[in-house]
Amino acid sequence: YVNGSVIASALLFFHRVPMLQLERLVDREVEQQNMSERNAPLLGCQMPPQSCRSQPLSRPPSNHKPNMPPPPLTPYSDELHQTQTNTIHTRSGKLEAEGLTAEKRKQAVIEQMMVDQLSRAVISDPEQNAANQFSASARHRRTLHHTMVKTHKSLTENRLSHKLCFHARILSRCGREACRELTGFFFACDQTLTVYEYRSFGKNRCSVLPFIARGVYRTRGRPYCLADISQGADLRFSTDMPHMSESLRQRPSLTLRVTEVDEEAKRTLLAQSGESEHCLSEEGINDEKTLRAVQVAVRDRLKGHAITALISLGRRLKSLDLMKNGLIGKVELRDCLMEELSLSQQDFDAVYRIVGQQGGPLVDYAEMMRVVTGEMNEIRKAIFIKVYVKLDPNKSGCISLIDIKKFYSAKVEHDVEAKIDILTCMRSTERVTYVSYAEFEDYYEGLSIEIYSDQEYINILKSSWSI
């Protein structure tokens, strides 16, 4: 017997179980829908207000956008970027400072030159005594103290302003002479020129001194003219002058190489004077072609061993210079050039006919060496001199091997087999503690033969010596 109330309770229980399960499922779906709506902004998408069961699972959108800013710098990349920026600013500031220093030196030379030329008053002109020497009595004769009369040679600042400024260097194998800072002036009013030297003593002291007195100088039987002053041109002077050093007086002539010219001022002066550019004669043109052909042939033969060949030739020629004046005999010079550079007898005779006869029986072997092998251009030469002055700031003429070890970095010059380390090259034949300017120049002249590009050559010198 079963109580009727118990049966009713049981039926109610079994009827409510499915309803409870259904309510729990609905509550779970509502909870999941609320969670998806809260997470929708984080995923960059909007969820529709419906059950998650009806929505298929989808991949979240990509984070890549076409014009997004670069990712934030890490501490390492930030430090590297800052270092590169500081390096660029340092280099630009250094170049700007060097430019200002060069301009100050140029202005100092110009001011000193103008003072020297304008201070020559009329009283010092001998024409004042000679003008009325025979036309006036001794009592009324004008002397040097009568300065009221203006002679035709007196100068004014206006006349001196019509000038051409140029920079030059001495062609020499002596470091003291080759590194002199020379500034020249050519005056169109009377076809005269003068050269001044800038000397610095430390950082705050400097001096501007006349190197070649103002006057008319001749070349090939005619006076120098505006057309002769051009970059790469050679100006020859006699060494019998008051401001020449003893080492220069021992040589028969002095040769200056023009390194930089104010081209704008030159064009203006040429237009005002009506002077045309100087043209070589037919003989001069043929001589230039002959020398150029010899240089090309020699440089082609030196490819691959130019550094060792030029250093060996320079040392041998120096050993033959017993008087230490840069002059040796013709036969000795011919033997050296034929053995070291494989120069033929015909080529030597052609070069000697053009260059060697100017010095008589003795020949300037440095000039013959430059003519036969050629030289680096003035762009490369300026960087070379800058390197040398860094190693020899006192311009003593030689560099200590200790200083070379201190500043030299050979990591760049080992890329090509023909480029030999300078320390290895200097130690290859003899024990040395100092390197002369001539040997240092021969090394980089040989390196210049091996490298065709100017920029590559400049980069090697800058990287090797940190300039």
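Contact here means heavy atoms within 4.5 Å, and the model shown in these close-ups is a predicted one.

**View 1. Helices α13 and α16 meet along a set of side-by-side listed residues.** From α13 (residues 378-391), the residues involved are R380, K381, F384, V387, Y388 and L391, and they meet Y437, F440, E441, Y444, E445 and S448 of α16. The axes of α13 and α16 (residues 437-450) come within 11 Å and cross at roughly 145 degrees. That crossing is right-handed.

**View 2. Helix α10 keeps its buried residues on the same side.** Look at residues 330-341: α10 has 12 residues and spans 16 Å from its first C-alpha to its last, close to the 16 Å expected at 1.5 Å a residue. Buried in α10 are L333, C336, L337 and L341. They take up an arc of only 95 degrees around the axis, which is why they sit on the same side of α10. As a reminder, an α-helix has 3.6 residues a turn, so residues three or four places apart point the same way. Just after α10 comes S342, with a positive phi near 55 degrees.

**View 3. Several elements cover the buried residues of α10.** The cover includes the helices α8 (282-302), α9 (306-320), α11 (345-354) and α12 (365-373), along with the strands β9 (327-329) and β10 (362-364). Take α12 as one of them: its axis and that of α10 come within 12 Å and cross at roughly 35 degrees. This crossing is right-handed. On the α10 side the contact is made by L333, L337 and L341, and on the α12 side by Y365, M368, V372 and T373.

**View 4. K462 sits in helix α17.** Helix α17 covers residues 454-465. K462 counts as partly exposed because its relative accessibility is 37%, and partly exposed means between 20% and 50%. Setting aside neighbours within four places in sequence, K462 is in contact with I383 and I467. Its C-alpha is 9.5 Å from that of F384, although K462 and F384 are 78 residues apart along the chain.

**View 5. Confidence varies along the protein.** The average pLDDT is 78, and 68% of the residues score at least 70. Strand β1 (residues 163-170) has the highest confidence, at 96, while helix α3 (residues 127-130) has the lowest, at a mean of 51. Over residues 10-17 the pLDDT stays under 50, and the model has 0 contacts for them beyond four places in sequence. Residues 412-418 also stay under 50, but here the model has 14 such contacts.

Notes
Residues are numbered from 1 along each chain as its sequence is written. This is a predicted model: local features need pLDDT of at least 70, side-chain atom pairs count only at pLDDT 80 or more; totals for chains, interfaces and linings use all residues. Side-chain values use heavy atoms; hydrogens and water are left out. Helices (H or I, at least four residues) and strands (E, at least two) are DSSP runs, numbered from the N terminus. The expected span of a helix is 1.5 Å times one less than its number of residues. Buried means under 20% relative accessible area, exposed over 50%, partly exposed in between (1.4 Å probe, protein chains only). The arc is that of the directions from the helix axis to the C-beta atoms. pLDDT is the predictor's confidence in each residue, from 0 to 100. Axes are lines fitted to C-alpha atoms, for helices over the stretch in contact, and angles run from 0 to 180 degrees between N-to-C directions. A crossing is left-handed if the near helix is turned anticlockwise from the far one by less than a right angle, and right-handed if clockwise.
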